[in-house]
Amino acid sequence: MKDHSPILPGATIGFLGGGQLGRMTAFAARSMGYDIAVMDPDPDCPAGPMASRLITAPYADADAAAELARGCDVVTLEIEQIPLATLEAAAALAPLRPGVDVVHMIQDRGRQKSWLHSHGFPVGPHRIVESEEDCVDAVRTMGASIIKSCFGGYDGRGQARVSDHVEAAEGWHTVGAARCVVEGFLDIADELSILVARQSDGSCSVFPPARNHHVNGVLAWSVTPTGLDAAVERDARALGRAVAEASGIEGLLAVEIFLLHDGRLLVNELAPRPHNTFHATERACATSQFEQLVRTICNLPFGDTTILDPTAIANMLGDLWTSGTPEFTEALSVAGVRLHLYGKKSARPGRKMGHLSGVGADYAHALVRTLDAYDALGGAPADRRSMEPHAASARIRP
């Protein structure tokens, strides 16, 4: 029988993973009076300074996970690529939210796609392949596709885009995984995401959608509200909530969604944790995604998710540090803009080092301010494509 009793401030929250998502959630938890413990392979992980106890161990170390859980009242995660044995070791000693089964399903793209399809949720054409021959055959059938490793790989890594079956063999070897998902290209108008908080008693709270723009598979910027048609937002929220309820997750579930030019909504991928596209909630909403995660896993009342200020974010990758420290003074001279750094010790191209957030009178004003600040950092100019949302109305509802 599940325990729905509240875990009150003064208790200890354990984190499997100590990256920036753990760091920002730990900030929220600390402000509410919780203690923090972290397990991460990196002794200099971003969440480390927030923790009273840091266990430095590989994610595959189930004994270390058990050690973490013994001193915690609840355990959560900020990265889904945690081995099953590690999840089970933590769950045996403390409530693990989200649960073992949902993380195990989501962390493998093949299992995730199969689960979504079997539960009747709309997904694009895809095939799970386990050999070069299968991969070539899948691309021959679907045409231009993206090949994704089933396990690991995000922010554009572990993926290869191919235009036809001739390129598929090379793509298979480029990804270098024993098992992949091949996804046919889609006629995408916009990308959006939904974040659902679900507690152990089944109650849910859904954040307003975010609209997102990616460059080379990495999120470049995101806005809340989306500027999309109200029907699209309504149907996307309903779709995200339905996925969360079907999954049985306890915690946060981010649902990435494609809006096609013909108006259909398709689920892209799931993440059982805080999500980059909802960093704007720190300023946009009455309750941030990080505080909402703390409330959710501790069985406290959900926070209000009303939008208070239209907000945009722009990611800052390590490329901006190539010639030294970026021009933060210039960026912060833009009205309404704040700087969020993740405390990472070293910068490298493609690594997320922080983000800028900006508020404005509406989403467009917030986005222009944020991208103006980004351009002031001194790197390559921000990609301003897709600033205007597509006007299609969604036609698929869960």
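How much space lies in the second largest pocket? The answer is about 470 Å³, and I shall begin there this morning.

First, a word on the basis of the talk. This is a predicted model, in which local features need pLDDT of at least 70 and side-chain atom pairs count only at pLDDT 80 or more, while totals for chains, interfaces and linings use all residues. Residues are numbered from 1 along each chain as its sequence is written, and side-chain values use heavy atoms, with hydrogens and water left out.

Now to the pocket. The search runs on a 1 Å grid over the protein atoms alone; a pocket is an open set of points where a 1.4 Å probe fits, with protein on both sides within 12 Å along at least five of seven lines, and a lining residue has an atom within 4 Å of a point. Grid points are joined across faces, edges and corners, and the volume is the space filled by probe spheres set on the points. Of the 22 residues that line the second largest pocket, those closest to its centre are Val-215, Ala-220, Leu-317, Asp-319 and Tyr-374. The lining divides into 14 nonpolar, four polar and four charged residues. Here Ala, Val, Leu, Ile, Met, Phe, Trp, Tyr, Cys and Pro count as nonpolar, Asp, Glu, Lys and Arg as charged, and the others, Gly among them, as polar.

Which elements supply at least two residues each to this lining? They are β12 (218-224), β15 (311-317) and α12 (363-375). Helices (H or I, at least four residues) and strands (E, at least two) are DSSP runs, numbered from the N terminus. The largest share, four residues, comes from β12.

The end of β12 leads to a point about the backbone. The peptide bond from Thr-224 to Pro-225 is cis, with omega near 0 degrees, and Pro-225 lies in the loop between β12 and α8 (230-247). A cis peptide bond also joins Arg-97 and Pro-98, with omega about 10 degrees. Pro-98 is placed in the loop between α3 (84-91) and α4 (100-106).

Let us turn to helix α1, residues 20-31. The expected span of a helix is 1.5 Å times one less than its number of residues. For the 12 residues of α1 this gives 16 Å, and the end C-alpha atoms are 17 Å apart, which agrees. Is α1 largely enclosed or largely open? Nine of its 12 residues are buried, so α1 is largely enclosed by the rest of the structure. Buried means under 20% relative accessible area, exposed over 50%, and partly exposed in between (1.4 Å probe, protein chains only). Among the buried residues are Gln-20, Leu-21, Arg-23 and Met-24. Their cover includes β1 (12-16), β2 (35-40), α9 (281-284), α10 (289-297), β16 (337-341) and β17 (352-359); contact means heavy atoms within 4.5 Å. Just after α1, Gly-33 takes a positive phi of about 100 degrees.

Positive phi also occurs in residues other than glycine. Asn-299, with a phi of about 55 degrees, is found in the loop between α10 and β15 and is buried at 10% relative accessible area. Ser-386 has a phi near 65 degrees, sits in the segment after α12, and counts as partly exposed at 38%.

The loop between α10 and β15 also holds Leu-300. Leu-300 is buried, with a relative accessible area of 13%. Leaving out residues up to four places away in sequence, Leu-300 touches Pro-6, Ile-7, Leu-8, Met-32, Tyr-34, Gln-199 and Arg-295.

My last topic is aromatic rings. Rings of Phe, Tyr and Trp (its six-membered ring) pair if their centres lie within 6.5 Å; planes under 30 degrees apart count as stacked, over 60 as edge-to-face and the rest as tilted. By this rule the count comes to three aromatic pairs. In one of them, the rings of Phe-207 and Phe-278 have centres 6.3 Å apart and planes at 55 degrees, so the pair is tilted. Where do the two residues lie? Phe-207 is in the loop between β10 (204-206) and β11 (210-215), and Phe-278 in the loop between β14 (265-271) and α9, so the pair ties together parts that are 71 residues apart in sequence. Phe-207 is buried at 0% relative accessible area, and Phe-278 is likewise buried at 0%.
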